[in-house]
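Me: I'm new to this one and would like to learn how to read it, feature by feature. Can we walk through it together?

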Amino acid sequence: MSDDPIIYKVSDGCLEITLNRPNRLNSFNETMHKAMAKAIKLAAGDDIRSVLITGAGRGFCAGQDLNDRVFSEGEIPDLGETLDAYYNPLIKNIRNLNKPVICAVNGVAAGAGANIALACDIVLAAKSAKFIQAFCKIGLIPDSGGTYILPKLIGEARAKALMLLGTPIMADQAKQWGMILDVVDDDALMDKAREMAKFLATQPTIGLGLTKQAIQAASDNNLETHLEFEKQCQRQAGRSDDYRIGVKAFFAKQKPEFTGQ
Ligand code: T3D
């Protein structure tokens, strides 16, 4: 396998991104952050209609590479800088991307690694995978959108317990709590994730992107505001080629051949 910290390939409209520092459980250093930013930028292209993120080796991602966080006596770091430069833009790019992002959690997902996975739209995990809000073990707070997204997924009580205790949660339990969509046998994970990503890449991309944005906006809106937002989204969806294609195919009793436009 390549030595690049991020490997990406495009096939059939799907961009597959692999975090690739397996000896460090795919934890992020600056080089990897920069490569990831480049890969995610590609996702915005018209030719990409779904994104799949996974990790190489036995882990998904162990968050920040702590080798870069060994400080000399008296040195006081500003971790806000890394969040500004890398983690926050990554989370915003995943959430703002107007197309579905699948995460295949192939192994342990810890610290920012867990929260990057949870920021994705559909999370599948290998049976052996676990999620750890490891931040409390080193005196930090959960970042990468964790304190925003996790309580929405599993409720405040469970989110607080995971984040204050740093207890690992296995994939099966994560599914049971509604944190992820599904658990797959380890050796079947990538086939299942790729199949889903390929399917999504054949679907009406504009409509799916707007659906994602509407769901994400819902909990911050009141009903009035949100109905208005849905109306604007529906207006936009109604102007897409895929809407016309979908309706035409319905009456012709044929499978629609969506173009993503
Ligand atoms: O700093 C900022 O800019 C702010 C942003 C912060 C975001 C964050 O993500 S902070 C949280 C950082 N991550 C962690 O605290 C997790 C640290 N890792 C672990 O707790 C454990 O490694 C795991 C629970 C993830 C997995 O445990 P296990 O027993 O399966 O594996 P291991 O033996 O601990 O790790 C395997 C190797 O990966 C090992 O290297 P070695 O001994 O074989 O040479 C280990 O040191 C390395 N590794 C794992 N995680 C990291 C790491 N190396 C650097 N940084 C890591 N985060």
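Me: Let's start with one side chain. Does Lys 152 count as buried, partly exposed or exposed?

Reply: Keep in mind that this is a predicted model. To sort a residue, look at its relative accessible area: under 20% is buried, over 50% is exposed, and partly exposed is in between. Lys 152 has 43% relative accessibility, so it counts as partly exposed.

Me: Which residue forms a salt bridge with Lys 152?

Reply: For a salt bridge, look for a side-chain nitrogen of Lys or Arg within 4 Å of a carboxyl oxygen of Asp or Glu. Here the partner of Lys 152 is Asp 220, and their closest N and O atoms are 3.9 Å apart. Lys 152 sits in helix H4, while Asp 220 is in the loop between helix H8 and helix H9, so this pair ties together parts that are 68 residues apart in sequence.

Me: How many salt bridges are there in the whole structure?

Reply: A search finds 13. Take Lys 231 and Glu 228, whose closest N and O atoms are 3.0 Å apart. These two are 3 residues apart in helix H9, so about one helical turn separates them. Lys 231 is partly exposed at 38% relative accessible area, and Glu 228 is partly exposed too, at 36%.

Me: What about Asp 182: which side chain does it meet in a salt bridge?

Reply: That would be Lys 175, at 2.9 Å from N to O. Check each end of the pair with the accessibility cut-offs. Asp 182 is buried, with a relative accessible area of 18%, whereas Lys 175 counts as partly exposed at 39%. Salt bridges can also link up into a network, as they do for Arg 21, Arg 24 and Asp 65.

Me: Now the ligand. Which residues come nearest to it?

Reply: Begin with the shell of residues around the ligand. There are 25 of them, and Gln 64, Leu 66, Arg 69, Thr 82 and Ala 112 come nearest. Sorted by type, the shell has 13 nonpolar, 7 polar and 5 charged residues. Helix H2 and strand E6 each supply at least two residues of the shell, and H2 gives the most, with 4.

Me: Which side chains have an N or O atom paired with an oxygen atom of the ligand?

Reply: Here you go through the atom pairs one by one. In the side chain of Arg 69, an N or O atom is 2.6 Å from an oxygen atom of the ligand. For Arg 58, the corresponding distance is 2.9 Å. Thr 82 joins in as well, with a polar side-chain atom 2.8 Å from a ligand oxygen. As for cover, the ligand taken alone exposes 1,000 Å², and the protein buries 66% of that.

Me: Ala 112 came up among the nearest residues. Is Ala 112 buried or exposed?

Reply: Buried, along with others in H3, including Gly 113, Asn 115 and Leu 118. When reading a helix, go residue by residue and see how many are covered. In helix H3, which spans residues 112-119, 8 of the 8 residues are buried, so the helix is largely enclosed by the rest of the structure.

Me: And on the surface, which residues make a nonpolar patch?

Reply: Look for nonpolar side chains that sit together on the outside. Tyr 243, Val 247, Phe 250 and Phe 251 make a patch of about 480 Å². Phe 250 belongs to helix H10, and its 59% relative accessibility makes it count as exposed.

Methods
Residues are numbered from 1 along each chain as its sequence is written. This is a predicted model: local features need pLDDT of at least 70, side-chain atom pairs count only at pLDDT 80 or more; totals for chains, interfaces and linings use all residues. Side-chain values use heavy atoms; hydrogens and water are left out. A residue is near a molecule or strand if one of its heavy atoms lies within 4 Å of it. A polar contact is a pair of N or O atoms within 3.5 Å; within protein, one must be able to donate a hydrogen and the other to accept it, and residues adjacent in sequence count only if both atoms are side-chain atoms. Accessible areas come from the Shrake-Rupley method with a 1.4 Å probe; for residues, only the protein chains shown count as cover. Ala, Val, Leu, Ile, Met, Phe, Trp, Tyr, Cys and Pro count as nonpolar, Asp, Glu, Lys and Arg as charged, and the others, Gly among them, as polar. Patches are made of residues with over 30% relative accessible area and no salt bridge: like charges are joined within 9 Å, nonpolar side chains (Val, Leu, Ile, Met, Phe, Trp, Tyr) within 5 Å. Buried means under 20% relative accessible area, exposed over 50%, partly exposed in between (1.4 Å probe, protein chains only).
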